[in-house]
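Welcome, and please open your viewer. We will walk through this structure one selection at a time, and at each stop you can compare the text with what is on your screen.

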Amino acid sequence: RLMDIGVGDIGLTLFIPINWEAFEALDNADITEGTIENDNDLDNDSASIDSEDDIDSDDDIMVALEDDIESYPPILTRRQMREMAKVLPPSVSLMTWNRAYSLSRDGDFFQTMVRKCAGFQHTMIVIKTDQGDILGGYADTPWGAGGNKAANSAKSSRTFFGGGRAFLYATNPCLTEHELAEELRYRDPKDSIFFYRWTGENTYSQICDLDKGTMGMGGGGAFGFYIQEDFSVGSSGYCFTFRNPPLTKTDGGQFKILDFEVYGFSSMAKSYSSMSMRSRTSSISSFNTSSVSSMLG
């Protein structure tokens, strides 16, 4: 018998008396056998997860869910994201990763990238070359014309902007044997990414030309990286801003782009609010009042 019905604006709750006679005592042997089986399943699942991406639950990150992730898989693995999170400013490392722009998913129109990233102050540029190398950088100032005075100045192709928390990274930088040996002395053997932090020698952290559709990071000597021609080609060289080597081993630091992404970082409060709003909207739209009426009738 239906005792009570509580109808909210986003769901339906039913309170029904429990028939305790339906619950029979389980045999001890069945309980023991079931426990052992479940433990084995947990061990197998853990081994599978560890072998796949070596996930450390105590040091995991928050990544926003995507409906089309299977159709447009991300460039970075979770392990690589965790490596980057260790280098991010502490407050940003606790934020949620949102794949704001993807070249394969959103197309190669530069203004689309700028528009999709306009709401994020902190972003991570991710570039994958046709040789399989991954490179890019973390930026602490919004790209394009939205956000603040520094970002507005990006309209000029010769104006740099950005802050001192920015950094560059690469999976396969152009290092000599001696440079590589020095780098490996201070790295976790499991890490796959090389990082190059701001040196303080200049303030050439970011550059963006909205008219020409180009963007880059680092300057003085050369660009740390520079993207042009609608995300099709780029270049990388030694720059004073980060004192990085060329971020790829291609001739002259020139490379062709296979895919390009921008992650925006949002606070947990903002992410939760966004998720709650989506959940609320979905629940309201799927709420079937006719079903409730038929139950009451």
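## First stop: Phe 265

Select Phe 265, which is found in strand E14, residues 254–266. The model you are looking at is predicted, so keep that in mind at every stop.

Is Phe 265 buried or exposed? Its relative accessible area is 4%, and because buried means under 20%, Phe 265 counts as buried.

Now show what surrounds Phe 265. Leaving out residues up to four places away in sequence, Phe 265 touches Leu 88, Val 92, Met 95, Thr 96, Trp 97, Asn 98, Phe 120, His 122, Thr 123, Met 124 and Tyr 138.

Next, add Gly 119 to your selection. Phe 265 and Gly 119 are 146 residues apart in sequence, yet the C-alpha to C-alpha distance between them is 9.6 Å.

## Second stop: Asn 98

From the list of residues that Phe 265 touches, pick Asn 98. Asn 98 lies in strand E4, residues 96–102. Asn 98 is buried too, at 16% relative accessibility.

What does the side chain of Asn 98 reach? Look for the backbone oxygen of Thr 96, at 3.0 Å. Then display the other residues around Asn 98: not counting residues up to four places away in sequence, Asn 98 touches Ala 64, Phe 120, Val 262, Tyr 263, Gly 264, Phe 265 and Ser 266. Phe 120 appears among the residues touched by Phe 265 and among those touched by Asn 98.

## Third stop: helix H2

Select residues 78–85, which form helix H2. How many of the eight residues of H2 are buried? Six of them are, so the helix is mostly covered. Colour these buried residues to find them: Gln 80, Met 81, Arg 82, Glu 83, Met 84 and Ala 85.

## Fourth stop: a loop with two positive phi angles

Go to the loop between strand E12 (225–228) and strand E13 (233–235), and select Asp 230 there. The phi of Asp 230 is near 55 degrees, a positive value in a residue other than glycine.

Now add Phe 231, which sits in the loop between E12 and E13. Phe 231 also has a positive phi, about 60 degrees, although it is not a glycine.

Compare how far each of the two is covered. Asp 230 is partly exposed, with a relative accessible area of 42%, whereas Phe 231 is buried, at 2%.

## Fifth stop: two cysteines

Select Cys 174 and Cys 239. Cys 174 counts as partly exposed at 35% relative accessibility, while Cys 239 is buried at 0%. A disulfide is a covalent bond between the sulfur atoms of two cysteines. How many disulfides does a search of the whole structure find? The result is zero.

## Last stop: the whole model

Zoom out to see the whole protein. Its secondary structure comes to nine helices and 14 strands. Of its 297 residues, 36% count as buried. The protein exposes about 17200 Å², and carbon and sulfur atoms supply 52% of that area.

Finally, colour by pLDDT. The mean pLDDT is 78, and 66% of the residues reach 70 or more. Over residues 20–52 the pLDDT is below 50, and this stretch has five contacts in the model beyond near neighbours in sequence. Residues 54–58 also have a pLDDT below 50, with nine contacts beyond near neighbours in sequence. Where pLDDT is low, the predicted coordinates should not be read in detail.

Conventions:
Residues are numbered from 1 along each chain as its sequence is written. This is a predicted model: local features need pLDDT of at least 70, side-chain atom pairs count only at pLDDT 80 or more; totals for chains, interfaces and linings use all residues. Side-chain values use heavy atoms; hydrogens and water are left out. A disulfide is a pair of cysteine sulfur atoms within 2.5 Å. Buried means under 20% relative accessible area, exposed over 50%, partly exposed in between (1.4 Å probe, protein chains only). Helices (H or I, at least four residues) and strands (E, at least two) are DSSP runs, numbered from the N terminus. Contact means heavy atoms within 4.5 Å. A polar contact is a pair of N or O atoms within 3.5 Å; within protein, one must be able to donate a hydrogen and the other to accept it, and residues adjacent in sequence count only if both atoms are side-chain atoms. pLDDT is the predictor's confidence in each residue, from 0 to 100. Accessible areas come from the Shrake-Rupley method with a 1.4 Å probe; for residues, only the protein chains shown count as cover.
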